[in-house]
Structures are given as structure tokens and as C-alpha cells.
Amino acid sequence: MDKFTLLDGVVAPLDRANVDTDAIIPKQFLKSIHRTGFGPNLFDEWRYLDHGEPGMDNSKRPLNPDFVLNQERYAGASILLTRKNFGCGSSREHAPWALEQYGFRAVIAPSFADIFFNNCFKNGLLPIRLDESDVEQLFQFVEANIGARLIVNLENQTVSTKDGALSLHFDVDAFRKYCLLNGLDDIGLTLVHAEKIREFEKKHIQAQPWLAKTI
């Protein structure tokens, strides 16, 4: 997965609490056997005026003009600002896939559902927990400034405005931080030790050659 170091991005405000994973990526899209292509169906039931199904040409579907992601001022947003308990509901990994494939790299909220929170880190998406008062301050900042941008500095663990007038610190587990900074998912972490794995396998076969026929 891509490394996460410094993100300077437009912020899209989703002013809703308890957004569940079925709202993030509706269940009918889980039929896909691929890990790609979920971005166009992110928040599908809110984003479009018709009912979405896999295989539809989304470019021809009617958009909901009132939904935040369809508003020009939030075009190209890479930071999602939302309310408490984001990602609740069923434990589908497709939810962070859809967010990341849409273009989001960070989600800011007062709280997240535990499984969704963990899945984000495994897929290169940074979930940032801030106090509700700080989140409210960010909502006000975004509302007051068209094209509002924030800078997320993972190394320093800060979310700030470009002029530095507002700077908020967030906590992140040290191991998860290391993985994001280095672009390491579970497979990547294993491959860091690829040479040691190959050496172990070589010695293992030499010590027990009969295993070679079964491997």
C-alpha cells in the first residue's frame, strides 16, 4: 500500500453520526470477488437518486445534488470529516476499500467502530480520533472556507490549517504509525523478513529432505 507521511487535502464534511458500513458501501456491491472498483459506489444510496447495482454505468446515473460529495466545493477531497461512531454495523473490509478507492486518505471523527478502525490501518487509510469539540471546530472551519484544506502530518501526529492558526494533536498506536509511514500492510510486513524466511526454508529442507516432496 502507499506510504502515508504528509497529506495536504481538501476536506469533505459528512455531518452525520453513526454512519454504518452499509451506508459506506451497500451490501449488493459485496458480490464482487475483486478488491478494486468500489470508489464509484461509495455512499451509493446517498450519492445517487436511483438504486445502484454492480455493473451499472455510474456515469449515467442521476446524482443527488444535495449530497456533500456531489458539490463542486468538495471536489477532489482526500480528507473526510464526520461525526461519532463512524463505520459501525457489519465488519466489511469493503468499507475502507471504497473510501480509499474514492480518494480519501484520512477520516476524522470523534469515534469509530472498532473493526472498521482496525481495517482502515490495514488498507492505508488513517482514522483520526479527535474530541467532539475539536471536530466541531473543524466543521465550522470547513463551512466558512470554500475549498478548505487541512494538513495531516502523521510523523508529528497533527491536523492543522495551512496558515497554522489551528493545530490539533491526535494519538496513534506506534506500530500502526510505523506501518503507515512505511506503506506496510500485513503482506508487506511479512516480506520485510523475506530473506530470513528463505534462509529458514533452505535450512529446514536440508535438515529434513523428505519434506521437499510435499512442499
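## Cysteines, aromatic rings and helix H5

Cys 179 turns out to be buried, with 7% of relative accessible area. The model at hand is a predicted one, and within it the cysteine sulfur closest to that of Cys 179 belongs to Cys 120, 14 Å away. A disulfide needs its two sulfur atoms within 2.5 Å, so Cys 179 is too far from Cys 120 for a bond. Cys 120 is buried as well, at 0% relative accessibility. The closest cysteine sulfur to that of Cys 120 is in Cys 88, and the 13 Å between them is again too far for a bond. The tally of disulfides comes to zero.

Next come the aromatic rings. Searching the whole structure turns up ten aromatic pairs. One of them joins Phe 43 and Trp 46, whose ring centres are 5.7 Å apart; the planes meet at 10°, so this pair counts as stacked. The two partners are not equally covered: Phe 43 is buried, at 1% relative accessible area, while Trp 46 is partly exposed, at 22%. Phe 112 and Phe 116 make up another stacked pair, with 6.3 Å from centre to centre and 20° between the planes. Here both residues are buried. Phe 112 and Phe 116 also belong to one aromatic cluster, together with Phe 86, Phe 117 and Phe 121.

Trp 46 has a further partner besides Phe 43. The charged end of Arg 16 sits over the ring of Trp 46, at 3.8 Å from the ring centre. A comparable arrangement involves Arg 83, which lies over the face of Phe 139, with 3.9 Å to the centre of that ring.

Phe 139 leads on to helix H5, where it is one of the buried residues. H5 covers residues 132–144, 13 residues in total, and spans 18 Å between its first and last C-alpha, close to the 18 Å expected at 1.5 Å a residue. Along with Phe 139, the buried set in H5 consists of Asp 134, Val 135, Leu 138 and Val 142. Looking down the helix axis, these buried residues fall within an arc of 145°, so they line one face of H5. The other side of the helix carries the exposed residues Ser 133, Gln 140, Glu 143 and Ala 144. As for what covers the buried residues of H5, several strands take part: E1 (6–14), E2 (79–82), E3 (106–109), E5 (149–153) and E7 (167–169) are among the elements that do so.

Strand E1 also borders a loop with a backbone oddity. Asn 18, found in the loop between E1 and helix H1 (21–24), has a positive phi of about 55° although it is not a glycine. With 43% relative accessibility, Asn 18 counts as partly exposed. Phe 43, already met as the stacking partner of Trp 46, is another non-glycine residue with a positive phi, here about 50°. Phe 43 sits in the loop that runs between H1 and helix H2 (44–47). Where Asn 18 is partly exposed, Phe 43 is buried.

Technical notes: Residues numbered from 1 in each chain as written. Predicted model: local features only at pLDDT ≥ 70, side-chain atom pairs only at ≥ 80, totals over all residues. Heavy atoms only, no water. Buried < 20%, exposed > 50% of the residue type's maximum accessible area, 1.4 Å probe, protein only. Phe/Tyr/Trp six-rings, centres within 6.5 Å; stacked < 30°, edge-to-face > 60°. Lys NZ or Arg CZ within 6 Å of the ring centre and 35° of its normal. Helix = DSSP H or I, 4+ residues; strand = E, 2+ residues; numbered from the N terminus. Expected span 1.5 Å × (residues − 1). Arc of directions from axis to C-beta. Contact = heavy atoms within 4.5 Å.
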